Amino acid sequence: MDAPTLLTAFASGAFGAAIGALASFIFCGMALIAGISIVLAGGSPTFLDVVANGPLFGPHVAFAGGAAAAAYAMRRKHITDGKDIAFSLAELGKAGPLLIGGVFGLAGQTIMGLWGSTLNQYTNATALIVVVLGVTARLLFGHHGLFGHLPHGTAPRRRFRPTADEAWVPHQSRMSQAALLGVVAGLPASYATLALAEAKPELGSATVGLGFAVSAVSLGFAAVGKGVPVTHHMTLTAATAAHLSGSVLVGAAVGGAAGLLGEFWARAIQNHGDTHIDPPAGAIWTLTSIVLAAHTLV
């Protein structure tokens, strides 16, 4: 919570807006892979704490700042789609979106600094902050409230039957597809976590983020138009469950649940809104809370 850290968080939130929230998240994945590699080689976790998870590319700073900036740019009619987290807002040549990104990045780091260690005992603090800031941005800059706008005259249940045009990620919007992706992404993430933990038990939970990092980097293909799946909520929750239970199968099952939960968040909040409230962050927050509570009870 010192001044250099907070100033860096402001700048990183603005930079996340400048390059786009999606690009900042991909950089987070790359930084995670580098940081985990350093730790596995016997080095310090500082790179992980400062660059990947901290005020530089932590999703609660750079991604949240970029997503909020897109919402603001939509409100000011600089762009037409406030959910377009791939758009690099520096292209607009306007200071407003970058400053809003900075403010939200600063807010994310401030919340993490004040309450992050406590929140992480019960949930994933980063994911929760991303959701909170996404909700805040929608309430401030959106036009249709928290749950968005359904087509006129449609029944409320229509929200949970999205068309291809409405779906968050159309090629994984079927619940069966989302669950299957969760299993096939969650199982290898779980296996990697347990294998690395067995090889270097002193690392503790540092290896949980490897699958998440690979999932984040894979979104680089989405940024260039390839239909890759969005799986980081599946791999992270699966690896967390595997780490706590010692079971690859438990991890795979949790990965499948994360796939379903991510799509639920998309249908409930994301699809019909005009700003981005991140479905994977919602799934990570809620499912990690359940996994940690179950582990405590068992």
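**Group meeting: helix packing in an all-helix model**

Gly 58 sits in the loop that runs between helix H3, residues 46-52, and helix H4, residues 59-75. I start there, and before going on I should say that this is a predicted model.

Is Gly 58 buried or exposed? Its relative accessibility is 0%, and with a cut-off of under 20% for burial, Gly 58 counts as buried. Leaving out residues up to four places away in sequence, Gly 58 touches Val 51, Ala 52, Asn 53 and Phe 63. There is also a pairing across the sequence: Gly 58 and Cys 28 are 30 residues apart along the chain, while their C-alpha atoms are 6.5 Å apart in space.

A second loop residue gives the opposite picture. Lys 77 is placed in the loop between H4 and H5. With a relative accessible area of 72%, Lys 77 is exposed. The phi angle of Lys 77 is near 65°, which is a positive value in a residue other than glycine. So much for the loops.

Now the overall fold. The protein has eleven helices and zero strands, and along the sequence that reads as α-α-α-α-α-α-α-α-α-α-α. The radius of gyration is 18 Å, close to the 19 Å that the globule rule gives for 298 residues, so the protein is as compact as a globular protein of that length. Along the principal axes, the C-alpha trace spans about 55 × 45 × 35 Å. Of the 298 residues, 50% count as buried. Taking the contacts between residues at least 6 apart in sequence, 73% of them join residues at least 24 apart.

Next, three helix pairs. Two packed helices are described by the angle between their axes and the distance between the axes. I will give both for each pair.

The first pair is H5 and H6. Helix H5 covers residues 95-119 and packs against H6 at an angle of about 140°, with the axes 10 Å apart. H5 and H6 are therefore oblique to each other, and their crossing is right-handed. On the H5 side the contact is made by Ile 100, Phe 104, Ala 107, Gly 108, Ile 111, Met 112, Gly 116 and Leu 119. On the H6 side the residues include Ala 125, Thr 126, Leu 128, Ile 129 and Leu 133, and further along Thr 136, Ala 137, Leu 140 and Phe 141. By class, the contact of H5 with H6 has 13 nonpolar residues, four polar and no charged.

H6 also packs against H11. Here H6, residues 125-141, and H11, residues 279-297, make an angle of about 130°, with their axes 8 Å apart. That makes H6 oblique to H11. The crossing of H6 past H11 is left-handed. From H6, the residues Ala 127, Leu 128, Val 130 and Val 131 meet Ala 281, Gly 282, Ile 284 and Trp 285 of H11. The contact of H6 with H11 divides into seven nonpolar residues, one polar and no charged.

One residue of that contact deserves a separate slide. Val 131, in helix H6, has a relative accessible area of 5% and is buried. What does Val 131 touch, leaving aside its neighbours within four places in sequence? The list is Trp 265, Ala 281, Gly 282 and Trp 285. The C-alpha atoms of Val 131 and His 276 are separated by 9.5 Å, with their positions 145 residues apart along the chain.

The third pair is H7 and H9. Helix H7, residues 175-199, packs against H9 at an angle of about 50°, with the axes 7 Å apart. That makes H7 oblique to H9, and H7 passes H9 in a right-handed crossing. H7 contributes Ala 178, Leu 181, Gly 182, Ala 185, Gly 186, Ala 189, Ser 190, Thr 193 and Leu 194 to the contact. H9 contributes Met 234, Thr 235, Ala 238, Ala 239, Ala 242 and His 243. By class, the contact of H7 with H9 has nine nonpolar residues, six polar and no charged.

I finish with His 232, which lies in H9, residues 232-245. At 6% relative accessibility, His 232 counts as buried. Residues up to four places away in sequence aside, His 232 touches Phe 25, Phe 212, Ser 215, Leu 219, Asp 278, Pro 280 and Ile 284. One of these, Ile 284, also takes part in the contact of H11 with H6.

Notes:
Residues are numbered from 1 along each chain as its sequence is written. This is a predicted model: local features need pLDDT of at least 70, side-chain atom pairs count only at pLDDT 80 or more; totals for chains, interfaces and linings use all residues. Side-chain values use heavy atoms; hydrogens and water are left out. Axes are lines fitted to C-alpha atoms, for helices over the stretch in contact, and angles run from 0 to 180 degrees between N-to-C directions. Helices (H or I, at least four residues) and strands (E, at least two) are DSSP runs, numbered from the N terminus. Angles under 35 degrees count as roughly parallel, over 145 as roughly antiparallel, 65 to 115 as roughly perpendicular and the rest as oblique. A crossing is left-handed if the near helix is turned anticlockwise from the far one by less than a right angle, and right-handed if clockwise. Contact means heavy atoms within 4.5 Å. Ala, Val, Leu, Ile, Met, Phe, Trp, Tyr, Cys and Pro count as nonpolar, Asp, Glu, Lys and Arg as charged, and the others, Gly among them, as polar. Buried means under 20% relative accessible area, exposed over 50%, partly exposed in between (1.4 Å probe, protein chains only). The radius of gyration is taken over C-alpha atoms; the globule rule is 2.2 Å times the number of residues to the power 0.38.
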